[in-house]
Amino acid sequence: MKYDVCIIGGCGHVGLPLAILLASKGKEVCVYDTNEEAIELTKAGIIPFTEEGAEPLLKQVLKSNKLHFSATPDVVTESEIAVLIIGTPVDEHLNPKFRIMKNVIDELVPYLYDGQLLVLRSTVYPGLSKRINDWFVEAGKNIHVAFCPERILEGKALEEMENLPQIISSFTEEGVQRASALFSLLTKDLVVVEPMEAELAKLFTNSWRYLKFAIANQFYMIANDFDLDFYNIYHAMTHNYNRTKDFPRPGFAAGPCLFKDTMQLSAFHNNNFFLGHTAMLINEGLPNYVVSQLGKQYTLSEKKIGILGMAFKAESDDIRESLSYKLKKILEIEAKQVLCADPYVKDATLADEKTVLQESDIIIIAAPHKRYKELKIKDKKVVDIWNILNNGGKI
Ligand SMILES: NC(=O)c1ccc[n+]([C@@H]2O[C@H](COP(=O)([O-])OP(=O)(O)OC[C@H]3O[C@@H](n4cnc5c(N)ncnc54)[C@H](O)[C@@H]3O)[C@@H](O)[C@H]2O)c1
């Protein structure tokens, strides 16, 4: 075989770090991705998104000629193992978009060969790995299907991938053995379970995190409604008290994973995941809450409002499902003008930070980029739910 591993979706946020890491371990890795622009950037040694510490390692593996690229699926046939890591979003009804995965599998069938290992690395709706396994059987293909979910924190993939235990599952014993051998290149800490258990382990983990952020946001709103600064209460709750050590700070909880994975779990349980739906209403309602609170204090139609931080989280350029954009949309109806900036995000509609700071009457810090800690904002209303300026979080 020409390649040890082919990463399908290999230029994506989780595909590329895995490809680089495996190549750095001496494997011949082929990145297959339909995004030709991302392939060109990566070939030139540029990571198409922010990913801590990835560029030096990318340059190193390009130099050693261990990383290869293709925009067509024929390379799958030349690979010992195929790893599939494409996006798995939900639709406008908050149900998984199964069609995306079905189309990819249909496209791959002619290129996969009997005895090949296909590792599903995307987060999937429970039972989908089994359906995929069945589709291969129906197509007369004898593929070892494994499901081994990715659990890294976006932006910290390289640091985390070797430190996190890897969850391994497959429908065949050989699949378990070969997937275990692949991931033991990253860590010796492997957890072998059944495919459906692995699917739920991933969805439970993300939903649990989403719920934790929701309770912080709910408490924040309760405190604020009683004219109290949540951060005084937060300090009282967490200071030298181990049982609240992992209590998160409030703030916009969004991005391409937590929301949609909570909704996938809910869809799986016939929309009876009440905690998940409630968490969604709280987290998605926070931008509306901010605007309604400001509306009680100001005539917004006379105010220019500045939003700092458009990415869905700190030190990231990723705007997928970012609540900063939802906030912008709401304010565009309510306010005189909305000016937005973000040092990482490439978006031609954004202004520069200086203009936002100078021209806005009210500033909202929507993503807690570290650099905002240094901001000195005088004589303006600042909404700082994250308390990044250390002046409290009251609106
Ligand atoms: N982003 C994260 O931090 C993270 C963490 C853990 C798990 N996940 C899961 O991993 C999966 C991928 O997420 P992501 O953020 O990397 O998505 P992404 O959109 O960044 O990457 C997907 C890549 O797949 C490519 N692609 C799409 N269709 C293709 C096809 N038919 N053939 C070849 N390439 C194709 C895209 O061009 C893109 O580069 C999702 O299921 C997500 O839930 C993501």
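This presentation covers the parallel sheet, helix α9 and the aromatic residues of one predicted model.

Local features in this predicted model need pLDDT of at least 70 and side-chain atom pairs count only at pLDDT 80 or more, whereas totals for chains, interfaces and linings use all residues. Residues are numbered from 1 along each chain as its sequence is written, and side-chain values use heavy atoms, with hydrogens and water left out.

I begin with the sheet. Helices (H or I, at least four residues) and strands (E, at least two) are DSSP runs, numbered from the N terminus. Two strands pair if DSSP finds at least two bridges between them. The sheet is open, has 6 strands with parallel pairing, and follows the order β3-β2-β1-β4-β5-β6. Its edges are β3 (67-70) and β6 (144-147); each has a single partner strand, so one side of each is left without a neighbour in the sheet. On average, neighbouring strands are turned by 20° against each other, direction ignored. For these angles, axes are lines fitted to C-alpha atoms, for helices over the stretch in contact, and angles run from 0 to 180 degrees between N-to-C directions.

Let us look at strand β2. Spanning residues 29-32, β2 is joined to β3 by 4 bridges, the two running parallel. With β1, β2 also pairs in the parallel sense over 4 bridges. Cys 30 has His 68 of β3 as a bridge partner, and Cys 30 of β2 is also the bridge partner of Cys 6. Both faces of β2 are covered, with Val 29 and Val 31 buried on one side and Cys 30 and Tyr 32 buried on the other. Buried means under 20% relative accessible area, exposed over 50%, and partly exposed in between (1.4 Å probe, protein chains only).

Two helices deserve mention here. Helix α5 (residues 128-138) lies across β5 (117-120) and β6, at about 170° to β6. Helix α7 (residues 173-183) packs on the sheet and touches β1 (3-8), β4 (79-84), β5 and β6, with its direction at about 65° to that of β5. Contact means heavy atoms within 4.5 Å.

I turn now to helix α9. In this helix, residues 230-238, the buried positions are Phe 230, Tyr 231, Tyr 234 and Thr 238. Viewed down the axis of α9, the buried residues fall within an arc of 90°, so they line one face of the helix; the arc is that of the directions from the helix axis to the C-beta atoms. They pack against α8 (195-225). The face turned away from the buried side carries exposed Asn 232 and Ala 236. Just after α9, Asn 240 takes a positive phi of about 50°.

Finally, the aromatic residues. Rings of Phe, Tyr and Trp (its six-membered ring) pair if their centres lie within 6.5 Å; planes under 30 degrees apart count as stacked, over 60 as edge-to-face and the rest as tilted. The count by this rule is 8 aromatic pairs. For Phe 219 and Phe 247, the ring centres are 5.8 Å apart and the planes at 5°, so the pair is stacked. Phe 219 belongs to helix α8 and Phe 247 to the loop between α9 and α10 (258-268), so the pair ties together parts 28 residues apart in sequence. Phe 219 is partly exposed at 32% relative accessible area, whereas Phe 247 is buried at 13%.

Which residues form one aromatic cluster? The cluster consists of Phe 219, Tyr 220, Phe 230, Tyr 231, Tyr 234 and Phe 247.
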